[in-house]
Amino acid sequence: MLRPAAAAAAAPCEGPPEEERLSVTDVNGRGHPKKRVRVAEPAQAGSRSSSPGKAASPQAGQGKRRVRGAETEGEPPAGMAERRQRVLRKANFSAVIGHANGLSKVAATGGKASRKLFIKNFRDKPKLPDNYTQDTWQKLHEAVGAIQNSTSIKYNLEELYQAVENLCSYNVSATLYKQLRQVCEDHVKAQILQFREDSLDNSLFLKKVNKCWQDHCRQMMMIRSIFLFLDRTYVLQSSMLPSIWDVGLELFRTHVINDRIVQSKTIDGILLLIEKERNGEVVDRSLIRSLLSMLSDLQVYQESFERRFLEDTNCLYAAEGQRLMQEREVSEYLHHVNKRLEEEADRVITYLDQSTQKWLIVSVEKQLLGEHLTAILQKGLNHLLDENRITDLTLLYQLFSRVKGGLQVLLQHWNEYIKMFGTAMVVNPEKDKTMVEELLDFKDKVNHVIEVCFVKNEKFVNTMKEAFETFINKRPNKPAELIAKYVDSKLRAGNKEATDEELERMLDKIMIIFRFIHGKDVFEAFYKKDLAKRLLVGKSASVDAEKSMLSKLKHECGAAFTGKSEGMFKDMELSKDIMVQFKQYIQNQNDPSKIDLTVNILTMGYWPTYTPMEIHLPPEMIKLQEVFKTFYLGKHSGRKLQWQPTLGHCVLKTEFNEGKKELQVSLFQTLVLLMFNEGNEFNMEEIEAATGIEDDELRRTLQSLACGKARVLNKVPKGKDVENGDKIIFNADFKHKLFRIKINQIQMKETVEEQTSTTERVFKDRQYQIDAAIVRIMKMRKTLGHNLLVSELYDQLKFPVKPGDLKKRIESLIERDYMERDSDNANQYHYVA
């Protein structure tokens, strides 16, 4: 459409006007319909055109004037010469009109030139030649056919593109779209014939389908590039019409892939290739990827392929899982499952659609793991844990965490394994000597498994703690006693097994085991008894280590738990100060003694109870005892001293044939050895009468002197045990490489009587605690039912107790009038104020 330019006044003209200049510009240069017509006024000599598209200057006589016409669009390229002459005639006609108007204006103004140029607008679109549409389509049809047949195209692609644009400009888009679709459909229909051959094997068939699909995609891309104008105008404006590319997909889907035979053979072929790959054969993965991409692009992937693929996967791995669970060890089976999962994940990345990943992995996990969780654990978990197979246990945890409920099943078997393994250690009396050491090793082992294999899962940590607490208390009191003795062995002097840092770590591990024990009062009793021995006999390895252990116990159980033990250390420190003063006292007496006496003053409430024993001490010792008693009571009036000879120890100087030696022995051993200053041979009855030592204690003492490693005495007849009538002879030929020899001290070894008395003392203390707890509760509640009373007692008591024991203590308190039964309800108790 031509746009009129603004009219401008013409400059005065002398003589005839110069020839009008008309320029016709072909914008595209190739006969395309967009033309620009420029009509100019007569040019004056030496003048230049002004910029196109701008109005001429209103000043007269200054160069030529130029009016720019508008573009005309939508004209066909046919009949270019005729069209050019038509445009020129129209332009010249407009110029003549302009001149005529100009001349009339001059006449009207008395001969002065006053000309104006008028441009006539072209509002009517040029008409197409009668055969243009048909010829153009024929040209396009030939081009499409050439593309589909993979032959050369006769025409320039830009020319074809412009032809489509021309047709669309003259409202033939609908016809063009239908014609193009029909041509494509006819071609696609013809392709189905190549797949009807029965002689095609699976591989050739798939390759032919893939080639057909690749050719079709390439052809549709080229066709779309020619008909792009149609796709971006007519199709885009019609929401119900598919794009040219979508038309190609629809036609291929309808006439090729949805064909029953083609689809069936294609899917079967793809599944066969995947099955071969799963069996370890090498297949063309790029072919599978291309075919599955085709199914996805055609939107038949889920319906035609995925459903059958997942069904085949389920069947394959269900059968494989059943078979391999019977044939392989758990470790091998787990590695196989992990390999299968990695293969399927790689399969998704390589050629499967991402939408398949979730259901594929779920299928593999369900058939190879989910269906065999319990069987895997029952068959191999204990074996893996016993042999500490860290790598396999890590893989086991990773695989079980992928399956719903897998970790819960693993947690249950983990709990059962710890209880089973721990119970076997605790309830077997034959393992008492090594129980604590084995418990510590087992605890280290499960900690390492949790940290490395189970990624510190809090549920597994808590389950481990609960299992330890369960099995370690299946044998009441004994583990607590053995742990206390183990601590004693580590804190006793002469322990060269560990450095200070290692000893500290060992105590930390023992405290972890100690936390699981219910009967902590049993541990306290034995620990306190052993601590007393270490302090009194001077056999504590390190005061720092002792205090460190006390600090740990205090932090774990409170100050009341360690109060008496801390009191022991205070007594030992005070005793050192007292002995300094006593030595000064002795020096001031002017009666020096050949015996160097050291006394430890013990507060009775802090230390274990020791049974008094009357023995026959030498006169020198008795004299020194009286001197110390006088010294001490002189400083502390109102106190009572009770001597405990069972814990005494001495250093004796003696002479053998080999030379002089010093013997570090207990007080009982000292009394026996001193008898041999009076003779070289005594029988057991004579020694017992002279020393006053009890029969059993004397037998153990003689056994340590005559039957141990350092035999300073000889027994006749020889043997491990001391019997009545045996003769005890001084061994003058005794030899030893050391000058000071430590004879095994009987009091450092716990006797059965000591163990029994310690246990009985714990039970008595428990009875007192139960009584106190019952009275405390009843005093606060005044009236309470039996079940509620028992429930509150369980909450308050820190040691395990049986309901029968609680009932006995309640009956005892009723008999002692601390409480009474309700007259109407025997299970109701009232507090008696």
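This passage walks through a predicted protein model, from its overall make-up to selected strands, helices, side chains and aromatic rings. Residues are numbered from 1 along each chain as its sequence is written, and side-chain values rest on heavy atoms, with hydrogens and water left out. Because the model is predicted, local features need pLDDT of at least 70 and side-chain atom pairs count only at pLDDT 80 or more, while totals for chains, interfaces and linings use all residues.

The protein contains 29 helices and twelve strands; these are DSSP runs numbered from the N terminus, with helices (H or I) of at least four residues and strands (E) of at least two. Of its 833 residues, 44% are buried, where buried means under 20% relative accessible area, exposed means over 50%, and partly exposed lies in between (1.4 Å probe, protein chains only). The protein exposes about 45,700 Å², and carbon and sulfur atoms supply 50% of this area, as computed by the Shrake-Rupley method with a 1.4 Å probe; for residues, only the protein chains shown count as cover. Among contacts (heavy atoms within 4.5 Å) with a separation of 6 or more, 70% involve residues 24 or more positions apart.

A good place to start looking is strand β4, residues 649–655. In a regular strand, side chains alternate between the two faces of the sheet. Along β4, Cys650, Leu652 and Thr654 point to one face and are buried, whereas His649, Val651, Lys653 and Glu655 point to the other and are not. Strand β5 (residues 660–666) runs antiparallel to β4 and is joined to it by seven bridges; strands count as paired if DSSP finds at least two bridges between them. Within this pairing, histidine 649 stands opposite serine 666. The two strands form a hairpin with four residues between them, and glycine 659 in the turn has a positive phi of about 145°.

Helix α24 (residues 667–674) is largely enclosed by the rest of the structure, because seven of its eight residues are buried. These are Leu667, Phe668, Gln669, Thr670, Leu671, Val672 and Leu673. They pack against several elements, including β4, β5, α23 and β7.

Strand β7 also has two faces: Leu713 and Lys715 lie on the covered one, and Asn714 and Val716 on the uncovered one. Four bridges join β7 to β8 in an antiparallel arrangement, with valine 716 opposite lysine 727 in β8. The loop between β7 (713–716) and β8 (727–730) holds lysine 718. Lysine 718 counts as exposed because its relative accessibility is 80%. Its C-alpha atom is separated by 9.0 Å from that of alanine 706, twelve residues apart along the chain.

Several helix residues show the opposite setting. Threonine 266 in helix α8 (residues 260–278) has 1% relative accessibility and therefore counts as buried. Its side chain reaches the backbone oxygen of valine 262 at 2.6 Å, a polar contact, meaning a pair of N or O atoms within 3.5 Å; within protein, one must be able to donate a hydrogen and the other to accept it, and residues adjacent in sequence count only if both atoms are side-chain atoms. Beyond neighbours within four places in sequence, threonine 266 is in contact with Phe205, Leu206 and Val209. Aspartate 392, in helix α14 (residues 390–400), is likewise buried, at 7% relative accessibility. The side chain of aspartate 392 makes a polar contact of 3.0 Å with the side chain of histidine 335.

Aromatic rings offer another way into the model. A search of the whole structure finds 29 aromatic pairs. Rings of Phe, Tyr and Trp (its six-membered ring) pair if their centres lie within 6.5 Å; planes under 30 degrees apart count as stacked, over 60 as edge-to-face and the rest as tilted. Phenylalanine 628 and tyrosine 632 form a stacked pair, 6.1 Å centre to centre with 15° between the planes. These two residues are separated by about one helical turn because they are four residues apart in helix α23 (residues 619–635). Both phenylalanine 628 and tyrosine 632 are buried. Elsewhere, ring pairs link Tyr417, Phe421, Phe442, Phe468, Phe471 and Phe516 into a cluster.
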